Amino acid sequence: MKIITDKSIPHTATLSLVQQKVIASLRHRQRKETWFRRLGYSAVLISLALVAILFANIFSKGLPAFWQSAITLDIYFDPQIIAISAKPERRADELTADYQQRFLAWQTEVGFINFNRLITDSLQKLVPDGTKHKRDLARLVTSGERFALRDMVVAEPSIIGQTRRLNLLTDANIDVWLKGNIDRSLPDEQQQLSANMRDWVDALAANGVIKNRFSLALFMNADSRSSLASAGLAGAFMGSFYMMLVVIFLAVPMAVGAAIYLEEFAPRNKLTDLVEVNINNLAAVPSIVFGLLGASVLIGWFNLPMSAPIVGGLVLSLMTLPTVIIATRSTLKAIPPSIRQAALGLGASKMQSIFHHVLPLAIPGILTGAILGVAQALGETAPLLLIGMKSFVASVPASPLEQASALPVQIYLWQGNELRNFFEARTSAAIIVLLMMMLSLNGVAIWLRRKYQRHW
Amino acid sequence: MSNLSLILVLLLVMALGYQFGLVRSRNVAKSQLNVPMHSRSHHYGMLVALWAALPAFIILLLWLLLAPTVINSMLLSAVPIDVTSLKADELRVMLQRISNLAGNFGVVADAEPWERAAAVHLRQLKANSTIVLSALMAVIVAIGMLVSLYSITPKLKARQQIERVVKVLLILCSAVAVLTTIGIVLSMVGETLKFFSYIPPTEFFFGTSWNPRFSTVGTQQQGSFGLLPLLAGTTLIAGIAMLVAIPLGLMVAVYLAEYASLRFRNIAKPLIEVLAGIPTIVYGFFALVSVGPFLRDLGAALGLNINATSALTAGVVMGIMIIPFISSLSDDILTQVPKAMRDGSLGLGATKSETILKVVLPAALPGIVGAVLLAASRAIGETMIVVLAAGNSPALTANPFEAVSTVTVTIVNQLTGDNDFSSPQSLVAFALGLTLFVITLLLNVMALVIVRKYREQYE
C-alpha cells in the first residue's frame, strides 16, 4: 500500500478547500492507523512481558531453594550410646519367618537408641557454650537427620566406633535465617530461633561449618511434617509417575482406537454426529467435574482405595481421552485418501490399509497429541483433590495402589504450610521441577512435529 | 493367585497360542499343498491367541465384578445374628470389620468370637473363590486353544474373524467417551436428587446465604445452602478475567494475524501459548504470593482497600491464563477470513486498521464470539486459581476488591477426600457440580454451534 506522505503533498496555499479537507482527514486516518498498530504491538509485548514476569518471579523465588544450609559434623558413632547386639545374620538352616522375627527385634532395639546424642555430642565441640543450652543445641540439626544416622547404622553396623564426616541439614528456620528471608531486626519474641542459636549459627556460617549445599533431600525424600527441612518431592514424583503410566497405557491406546473407529469406520449418521459433539463437549468440561465422577463412581461404587495413584490415573485418563481423540482424528484426517486407495487397490482389506499404511504415517502426529495430553494430565490438580490425594503421605509409594500425593498436589500442600518463609521458596522449587517436566514434554512434542511433519 | 498374576498368565497364554497357531497353520498348509490357505499364517496365530485368552479374560472381569457380592451374601448367611434387622450403615460397618479382621488389619482383641469365626470363614471363601476362578479359567483357556487349533483348515477365514474382533474393540474404545458423559450425568444427577431430599431445590437455587454447617447427620440445623452467593462470585471473577483477556487476546490475534512479519509471528505465538500450558496451580501460587500483595499495595497507594486475596486478584490472573486461549482461537478465525474481502476494502482506499475494524472483524465476529464463549466456560470451571487467590468467603457482593467464593472452590471445600456421601454437606458438592456442568455445557454447545455455522459460511 502506498502511503501519501507529507512531502508528496503540495503546499497548502495552492490547494482548494476540498483538497485541504481530504488531506486533513488523511492525516487523521493515518494517525489512527499508527495508533491501532501500536496498540496491537503493545498487546503482544504485554503478553510476552506477562510470560517473562511469571517465569522470572517463580525462578527468582525457587532457585535458591535448590541449595539448602547444611552443617558439616564429625559424627562419632559412640559404642556407648549405640549399645546394640550384633546385626542378626541369616543362618542356613533357619526359616525365613524366624529370621524376620529376629531382624525385627533387632530393629526395635535400634529404634530405642537416642541418635540425637551423637549429633549434640559432636556439636558441643563446635559450640563451647552449647552445654548450657542442650535443647537449643539439638534444634540446630533438623529432626529427620537422626533417622538418617539410624539408617546408616542399620545398613552398616561396622560403622559403630568410627567417626564420619557428614553433612547434615540444619533446621528449616536456620535456612530461613541465613538466607535472609526473615527480618533480622525483629524482637526476640517474634523470632523462631533463640538468641544464642542465632549467634551460634552466624558464627558457624562464618567459619564455613554451615554452608549452602545442593539439596538432595528435595529430590530423595518424601514429604515430611515433623522435619520440615528434609521434606522432599520423591513421594509426589512417584505418585505422578504412576498416574502418567496409567494415562499412557490406558488413555492413549483407547483414544487412538476411538479416533480410528470414528474417522475411518463409523458411518456418517445422527449417532456418530452425537458422539462427535459429545467428545468435543467432554474436552471442555471443567476438570473438577471429572474429580466428582471419580469420587462418586470409582471410590463410591467400585470401592477403589482413596488417594491411590491408580484412581487418580483413571480420572486423568478420562479427562485426557477427548484431547487425544481430537488430536488423533485431525492427524488421520490430514493423511491423503490416495494412501488408503492405493492399499485397497493392491488388495489389502480396510483394516490392513489402516493398520499397515495409514497408522504408521500418523504416528508422529498421534505421539504429539498424546504427549500434550499427558502434559496436561501431569499439571492437573483439582480432580485429584476430590479423590483424596490431598492427604499427607510421608512415604514413597511402592505401587500404584498405595496412598500417594502428586506433584501439583504437593505444590498445593506446601503453599499452605505455616512456615511461610521456608515453604514459599520450597514450593517455587517444586513448581520449577513441574514446569521443567512439562516444558520438556512440550519440547519433545514440538521436536516430533518439526522432524516428522509432512506436507502432502 | 492374585488378579495381576492371572492377567500375566493370560498374556503368556496369548504368546503361546500365537506360536501354536502359527506352527499348526504351517503344518496344515504343508499337508494340503493343493489347497491354498485363506489367510496368512500369522492370522491363524492371532486367532488362536484370541480364542485362548479372550473368553477367559471376560470370565475374569465378570468374576471380579460379581464375586464380592456373592461372597458377602454367603458370609451373611453364615453369620449367627439376624442380618435383616440391621440398617444399611450397620451392615456395611459389620462387613468392613470382618474383612479387616480377615486381612489382619483389625484389632483382634476387641473382636467377638463370632466375628473371628466369620473372618476365618471369609478368608476361606476368598481362597476358594480364587481356586475356583483359576481352575475355571484354565479349563476355558484349554478348551479355547484346542478348539481353535483343530479348527484351522485352509477354508477358515482367520483374517476376517480377527478384523471383526478388532473392530468391536475399536467401537468399545469410542463407547468409553460416551459412557464417561453418561457416567458424569447419572452419578451427579443421582447424588443431586439425594441432596434435594434434604434441602428443597428452591432453597438451593434461590437462597442468598451460604453457610453449610458441618453438623452430625439427623440434627435439625443443617445450615443454609444458597447457590446465589457462589454464582455471583463465579460470575464476578470470570467477568474480570474476560475484561483482562478479551482486549489483550483479541489485539494480540489481530496484530499477529494482520501486521506481524512471519518471523515475529513464529517467535511470539509459541511464547504466548506457553501461558496456556502452565498448570493452574502455578497461576494460583503466583496470584497468592505475588499478584495479590502487589494489588493490595497498589490499592493502598491509590487509597483503595483491596484484599490480597480477592475477586480482583483471582480474576486478573485467570485473565492472563485465558489470553492465549482467546488469541490463538481468534487468530485461526481471522486467518480464515478470505483475502478477497481485505483486498476489496484496501482497493477502495481504506487503511489497514479501517479494513480490520470494519471488514475483517465483523466478518469474523461469530467465530470470535464462539472463542470468547469457550474461554468464558473455561474461566467458570477454573478451580485452583480461585481456591488459592479468591479468599474463600461466600458473601453476596459485587465489590471486586473483596474476598469471594465460587462454585468450584465450594466443591473442593465440601468434598476433600471423603468417601461418605450421606450428609447434605458433602452431597451439595454434586449439586454444585451438576450446576457447573450444565452452565459450561450450554456455553460450549452455543460456542460450537456458532463456530460451526461460521466455518460453513466460508468453506
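**Close-ups of the A–B interface and its salt bridges**

**View 1. A salt bridge across the interface: B:Glu354 and A:Arg29.** In this predicted model, the closest N and O atoms of B:Glu354 and A:Arg29 sit 2.8 Å apart. Take a good look at this pair, since the rule finds one salt bridge across the interface of chain B and chain A. Helix 5 (residues 158–198) of chain B gives the most to the side of chain B that touches chain A, putting in 18 residues.

**View 2. The wider interface between chain B and chain A.** Pull back a little, and 79 residues of chain B turn out to be in contact with 76 residues of chain A. Together the two chains bury about 6800 Å², with 78% of that on carbon and sulfur atoms. Polar contacts are there too: ten residue pairs between chain B and chain A make the count, both partners at pLDDT 80 or more. As for what lines the side of chain B that touches chain A, the tally is 50 nonpolar residues, 21 polar and eight charged.

**View 3. Two strands of chain A linked through A:Asp74 and A:Arg165.** Over all chains, the salt bridge count comes to 18. This one joins A:Asp74 to A:Arg165, with the closest N and O atoms 2.9 Å apart. It ties together distant parts of the chain: A:Asp74 belongs to strand 1 (residues 67–76) and A:Arg165 to strand 2 (residues 163–169), 91 residues apart. A:Asp74 is partly exposed at 34% relative accessible area, while A:Arg165 is exposed at 62%.

**View 4. A salt bridge within helix 3 of chain A: A:Arg117 and A:Asp121.** Here the side chains meet at 4.0 Å, N to O. Both residues lie in helix 3 (residues 115–126), four residues apart, or about one turn of the helix. A:Arg117 counts as partly exposed, with 41% relative accessibility, and A:Asp121 is partly exposed as well, at 26%.

**View 5. A:Lys179 with a buried partner, A:Asp175.** The closest N and O atoms in this salt bridge are 3.1 Å apart. A:Asp175 has a relative accessible area of 5%, so it falls under the 20% cut-off and counts as buried. A:Lys179, at 26% relative accessibility, comes out as partly exposed. Elsewhere, salt bridges with shared partners join A:Glu263, A:Glu276 and A:Arg329 into one network.

Conventions: Residues are numbered from 1 along each chain as its sequence is written. Chains are lettered from A and ligands numbered from 1 in the order in which they are written. This is a predicted model: local features need pLDDT of at least 70, side-chain atom pairs count only at pLDDT 80 or more; totals for chains, interfaces and linings use all residues. Side-chain values use heavy atoms; hydrogens and water are left out. Contact means heavy atoms within 4.5 Å. Buried area is the accessible area (1.4 Å probe) that two parts lose on being put together, summed over both. A polar contact is a pair of N or O atoms within 3.5 Å; within protein, one must be able to donate a hydrogen and the other to accept it, and residues adjacent in sequence count only if both atoms are side-chain atoms. Ala, Val, Leu, Ile, Met, Phe, Trp, Tyr, Cys and Pro count as nonpolar, Asp, Glu, Lys and Arg as charged, and the others, Gly among them, as polar. Buried means under 20% relative accessible area, exposed over 50%, partly exposed in between (1.4 Å probe, protein chains only).
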